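Subject: Handover of a structure for your review

Dear colleague,

Please find below the structure that I am passing on to you. I would be grateful if you could look through it alongside the notes in this message.

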Amino acid sequence: MSEPVRIGLLGHGTVGGAFAALISERAEAVEAATGRRPEVVGTLTRSEGDFSDILERSDLVVELLGGTDPARGYVLDALRAGRPVVTANKQLLAQHGEELFGEARAAGVQLRFEAAVAGAIPIIRVIQESLGVTEISKVFGIVNGTTNFILSEMAATGAPYEEVLARAQDLGYAEADPTDDVTGADAAAKMAILARLAFHTPVTLEQVAFEGIEQVTPDDLAYAKELDLSLKLLGVAERREEGISVRVFPCFLYGGHPLAPVGGPFNAVMVEAPAITEVTMSGPGAGGPETASAVLGDVVSILAGEAPVHETRAELPVVSDVTSSFYLHLEVADRPGVLAKIARVLGENEISVKSVVQRGIGEDARLVMVVHECLESRFASSVEEIARLEELRSAPRSIRVIEEEFV
Ligand SMILES: NC(=O)c1ccc[n+]([C@@H]2O[C@H](COP(=O)([O-])OP(=O)(O)OC[C@H]3O[C@@H](n4cnc5c(N)ncnc54)[C@H](OP(=O)(O)O)[C@@H]3O)[C@@H](O)[C@H]2O)c1
């Protein structure tokens with residue numbers, strides 16, 4: 001019999017409980033793959049276990065507590081004590097990644113975190129190992145299942161945001177306090193991690209600009225359908241001439257885009273690089289057993305050997321004013337010359353219109369247009385100017401659009 005690998009399990013909630021069950025179910029398979037049989041030798045919850053004692057008795061620590069405190073201290077202590085660590089904690093990585101990577105490098109032990117981004121999708125492994133020396137130009141996708149479920153339901157049923165959010169909470173797709181998901185903050189933490197790995201440059205959560213989905217109306221979705229657009233909350237990390245840009249925002253995609261059909265609580269991530277064109281992966285982004293399966297995969301990788309050391313290869317600035325294409329929704333007085341006035345404002349800012357849908361609503365008209373890619377600051381000042389036109393009946397609404405049409 002080989003020596004067992006003794007696992008210290010921090011947290012026994014949704015993921016921790018599922019991981020404990022999975023470890024005993026798959027122990028034989030892990031032994032067959034790695035030569036060592038895993039065994040949970042201690043579990044820490046708020047009411048059970050002592051961290052120092054668990055650390056002392058384990059060969060490897062699995063952190064599934066969530067939050068940064070006390071998780072950060074425990075993970076640092078484990079690494080310093082020479083224990084490899086597996087964590088699913090995106091907040092911890094997004095806020096303290098450099099410190100943890102540094103500690104893991106110094107101690108010469110592995111720190112793995114596949115489950116921290118996009119649940120069961122092995123995107124971390126692909127970026128840091130399969131594409132570890134490939135010049136990645138862009139990583140983007142749907143990295144929050146709650147908001148994807150809400151947007152898919154709003155598009156399918158025409159129901160308003162609040163009603164669909166309540167349904168998502170009933171079905172367990174949204175937490176009682178959904179703030180982190182619906183504001184884009186959860187996706188921002190995941191994008192900070194992906195950007196760090198893809199571009200080998202430090203990126204922290206504070207550098208990620210994010211917008212959520214609370215302002216999306218059924219109207220936006222109905223009009224977008226006519227333009228063959230579907231709405232997703234996208235995380236986008238990309239190389240730009242001046243550095244990198246890392247952002248989260250609601251965004252329309254054309255029907256042929258690989259991310260357009262990804263509905264419900266699913267996640268999907270695309271990686272673009274000149275050498276590979278693009279790779280798309282989709283799957284469940286959360287859930288106890290799904291996330292636990294990613295955690296177990298990391299345990300197996302640790303037992304199998306070497307891992308990336310997360311060296312910084314560049315110090316790239318994170319830029320904020322980039323170019324995007326936009327959907328613009330305007331309610332205006334139905335009078336001759338209004339469209340011309342709006343076109344003039346856009347034209348003066350060198351913004352060209354790709355498509356327009358116009359509808360009469362009594363005395364007023366709705367104008368829904370998609371404009372070609374332009375500098376975001378120019379678009380924002382055009383919208384401000386348009387908002388001041390006396391013919392405007394309500395505040396303009398705009399949402400970004402990914403213009404590429406995949407066919
Ligand atoms: N749930 C998912 O689908 C999912 C998906 C991807 C990643 N994740 C990540 O996985 C991690 C765990 O999430 P979860 O959903 O399993 O959370 P959870 O259900 O709330 O479980 C957290 C566990 O940690 C324990 N805990 C929390 N604070 C503690 C403290 N200060 N001292 C000791 N024990 C403490 C809790 O103890 P008690 O049992 O005593 O309360 C509980 O057992 C998080 O980082 C989360 O972001 C979760």
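The notes below take the ligand, the pockets and the backbone in turn.

Please bear in mind throughout that this is a predicted model.

The ligand

The ligand is surrounded by 18 residues, and those that come nearest are His12, Thr14, Val15, Arg46 and Gly287. By class, this shell consists of 7 nonpolar, 9 polar and 2 charged residues. Two contacts involve the protein backbone: a polar backbone atom of His12 is 2.8 Å from an oxygen atom of the ligand, and a polar backbone atom of Val15 is likewise 2.8 Å from a ligand oxygen. The side chain of Lys90 also takes part, with an N or O atom 3.3 Å from an oxygen atom of the ligand. On its own the ligand has 900 Å² of accessible area, of which the protein covers 72%.

The largest pocket

The ligand sits in the largest pocket, which holds about 1500 Å³ of space. Its lining is made up of 48 residues, and Thr14, Val15, Lys90, Glu175 and Ala286 are the ones that lie nearest the centre. Thr14 and Val15 are also among the residues that come nearest to the ligand, while Lys90 provides the side-chain atom at 3.3 Å mentioned above.

Several elements each supply at least two residues of this lining: helices H1 (14-34), H4 (90-107), H6 (145-157), H8 (179-182), H9 (185-199) and H11 (288-304), together with strand E10 (266-273). By class, the lining has 18 nonpolar, 20 polar and 10 charged residues.

The second largest pocket

The second largest pocket has a volume of about 290 Å³. It is lined by 15 residues, with Glu211, Gln215, Pro250, Ser398 and Ile399 lying nearest its centre. Strands E9 (243-254), E12 (323-333) and E15 (397-402) each contribute at least two residues to the lining. E15 provides the largest share, namely 4 residues. In terms of class, the lining divides into 7 nonpolar, 3 polar and 5 charged residues.

The backbone

Two places in the backbone should also be pointed out. The peptide bond from Asp69 to Pro70 is cis, with omega near 15°. Pro70 belongs to the loop between strand E3 (60-63) and helix H3 (71-80). The other place is Ala118, which has a positive phi of about 60° although it is not a glycine. Ala118 is found in the loop that lies between strand E5 (111-112) and helix H5 (123-130).

When you open the model, I would suggest beginning with the ligand in the largest pocket and then turning to the cis peptide bond from Asp69 to Pro70.

With kind regards

Terms used:
Residues are numbered from 1 along each chain as its sequence is written. This is a predicted model: local features need pLDDT of at least 70, side-chain atom pairs count only at pLDDT 80 or more; totals for chains, interfaces and linings use all residues. Side-chain values use heavy atoms; hydrogens and water are left out. A residue is near a molecule or strand if one of its heavy atoms lies within 4 Å of it. A polar contact is a pair of N or O atoms within 3.5 Å; within protein, one must be able to donate a hydrogen and the other to accept it, and residues adjacent in sequence count only if both atoms are side-chain atoms. Accessible areas come from the Shrake-Rupley method with a 1.4 Å probe; for residues, only the protein chains shown count as cover. On a 1 Å grid over the protein atoms alone, a cavity is a set of points where a 1.4 Å probe fits but cannot get out, and a pocket is an open set with protein on both sides within 12 Å along at least five of seven lines; lining residues have an atom within 4 Å of a point. A molecule sits in a cavity or pocket if more than half of its atoms lie within 2 Å of its grid points. Ala, Val, Leu, Ile, Met, Phe, Trp, Tyr, Cys and Pro count as nonpolar, Asp, Glu, Lys and Arg as charged, and the others, Gly among them, as polar. Grid points are joined across faces, edges and corners, and a volume is the space filled by probe spheres set on the points.
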